[in-house]
Amino acid sequence: MKDLRSVFQSFVHQADHITVLTGAGMSTESGIPDFRSAGGIWAEDMSRMEAMSRSYFEQYPKRFWPKFKGLFQMKASGNHEPNKGHLYLAELEKQGKSIEIFTQNIDGLHKKAGSRYVYELHGSIQTGTCPKCQTKYDLSHLLKEDVPRCTRINEKGTECGFIVKTDVVLFGDMVHHLDTLFQTIEKTDLLLVIGTSLEVAPVNLVPQEAHYIQGLNKALVNLEPTAYDDLFDLVIHEKIGELVSDMKRKEGT
Ligand code: NAD
C-alpha cells in the first residue's frame, strides 16, 4: 500500500490539470450510503431502481415523491458536510492546480467543500423544476409538502399546480455534461476516479476512452475492485479519507 500511495502522490504532484470523476463512495464518509456496497441503497431492494425512473415519475408522480424523499434521506440532505476527500480536492485547487470534477453524486458536497468547477452528471437533490412551466424550486419548497407542486401564478391568475420534478437525473433521463467530460479528459494530465463501482453507463465508458489517450495518467481509488481496474495505471483499494489523510501527513499540512 505504501508504494501505491507514493505513486499516487507523484501523479498528483506532476499534474497541472486533473480531471476527477467521483461516485457515491466519495460521500460515504460524510454519512451518505452508496448504492451497491453491502448495506447500500440498491443492495437492500432492487425494486427501488424502478421507482427512481422517469417513467415511474410520469405515471405515478404522487407515489414517486414519498419514495424518493425516503430513499435519499432528503430531509437530512442539507445537513451533510464535506469529508476529507472533498476537502482534499478543494485544497488542490487552492494550491493552484486546475481541478475539474465530474460527479455522479447529487449531494452537492464538492461545491460545499469549495471546489469551483463541478459538473453534476446526475443533477442535484437540492432543486426541482416544474415540467409544465419550467419554474425552478429550492430544497425548502420541495420539502414543504409531501408532494411538491408548482405555485407560479399564470396569466389567468391561477396557480400552475403541476407536480414538480426533481432535478436529480432519473433512470431514463439524459445524463448531463457528458460531452464536456469526454473533451476534458483529452486535455488533462491526470484522470482520477474515486468511489464509483463504474457499473452505471455511460460513465463507465470513461476508463475505456481514457485508455487510448497517450501520456494520460489514470488512477482509481475505490474500496472494492471494479470491472475496469485493468485499464488504470494505478489502482488503490482503500477509503479515500485514509488515502488523503496519509497524503496530508506526508506533505506536513
Ligand atoms: P456505487 O454505490 O455503485 O459504488 C460506490 C463505490 O464506492 C463502491 O464500489 C464502494 O466500494 C466504493 N466506496 C464506498 N465507500 C468508499 C470510500 N470511503 N472510499 C473509496 N471508495 C468507497 O455508486 P456509483 O458508482 O456512484 O453509482 C452511481 C449512482 O449512485 C449514481 O447514479 C449516483 O447518482 C448515485 N448515488 C449518489 C449518492 C450521493 O449523491 N452521495 C449516494 C448514493 C447513490
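Which side chains meet in a salt bridge at 2.7 Å, N to O? They are those of lysine 136 and aspartate 167. A salt bridge here is a side-chain nitrogen of Lys or Arg within 4 Å of a carboxyl oxygen of Asp or Glu.

The structure is a predicted model, in which local features need pLDDT of at least 70 and side-chain atom pairs count only at pLDDT 80 or more, while totals for chains, interfaces and linings use all residues. Residues are numbered from 1 along each chain as its sequence is written, and side-chain values use heavy atoms, with hydrogens and water left out.

## Domains and their interface

The chain is divided into domain 1 (1-32 + 81-122 + 174-253) and domain 2 (33-79 + 123-168); these bounds come from an automatic or database domain assignment. Between the C-alpha centres of domain 1 and domain 2 the distance is 28 Å. Domain 1 puts 18 residues into the contact and domain 2 puts in 14 residues, where contact means heavy atoms within 4.5 Å.

The size of an interface is often given as the accessible area lost when the parts come together. For domain 1 and domain 2 the buried area is about 1100 Å², and carbon and sulfur atoms give 48% of it. Buried area is the accessible area (1.4 Å probe) that two parts lose on being put together, summed over both. Of the area that domain 1 buries against domain 2, 39% is supplied by Ile32, Ile106 and His122, more than by any other three residues.

The rule finds zero salt bridges across the interface of domain 1 and domain 2, but two residue pairs in polar contact, both at pLDDT 80 or more. A polar contact is a pair of N or O atoms within 3.5 Å; within protein, one must be able to donate a hydrogen and the other to accept it, and residues adjacent in sequence count only if both atoms are side-chain atoms. On the side of domain 1 that touches domain 2, five residues are nonpolar, seven polar and six charged. Ala, Val, Leu, Ile, Met, Phe, Trp, Tyr, Cys and Pro count as nonpolar, Asp, Glu, Lys and Arg as charged, and the others, Gly among them, as polar.

## Salt bridges

The whole structure holds 13 salt bridges, including those in the table.

| Pair | Closest N to O distance |
|---|---|
| Lysine 111 and glutamate 120 | 3.3 Å |
| Lysine 136 and aspartate 167 | 2.7 Å |
| Aspartate 246 and arginine 249 | 3.4 Å |

Lysine 136 lies in strand S5 (residues 136-138) and aspartate 167 in strand S6, so the pair ties together parts that are 31 residues apart in sequence. Helices (H or I, at least four residues) and strands (E, at least two) are DSSP runs, numbered from the N terminus. Aspartate 246 and arginine 249 are both in helix H11 (residues 240-251), three residues apart, about one turn of the helix. A network of salt bridges links Arg5, Glu238, Asp246 and Arg249.

Relative accessible area is classed as buried (under 20%), exposed (over 50%) or partly exposed (in between), with a 1.4 Å probe and protein chains only. Lysine 136 is exposed at 56%, whereas aspartate 167 is buried at 16%. Arginine 249 is exposed at 59% and aspartate 246 buried at 11%. Lysine 111 is partly exposed at 46%, and glutamate 120 is buried at 13%.

## Threonine 166

Threonine 166 is in strand S6 (residues 165-168) and is buried, with a relative accessible area of 2%. A polar atom of its side chain lies 3.0 Å from the backbone nitrogen of valine 168. Not counting residues up to four places away in sequence, threonine 166 touches Phe64, Trp65, Phe68, Ser124, Thr127 and Gly128.
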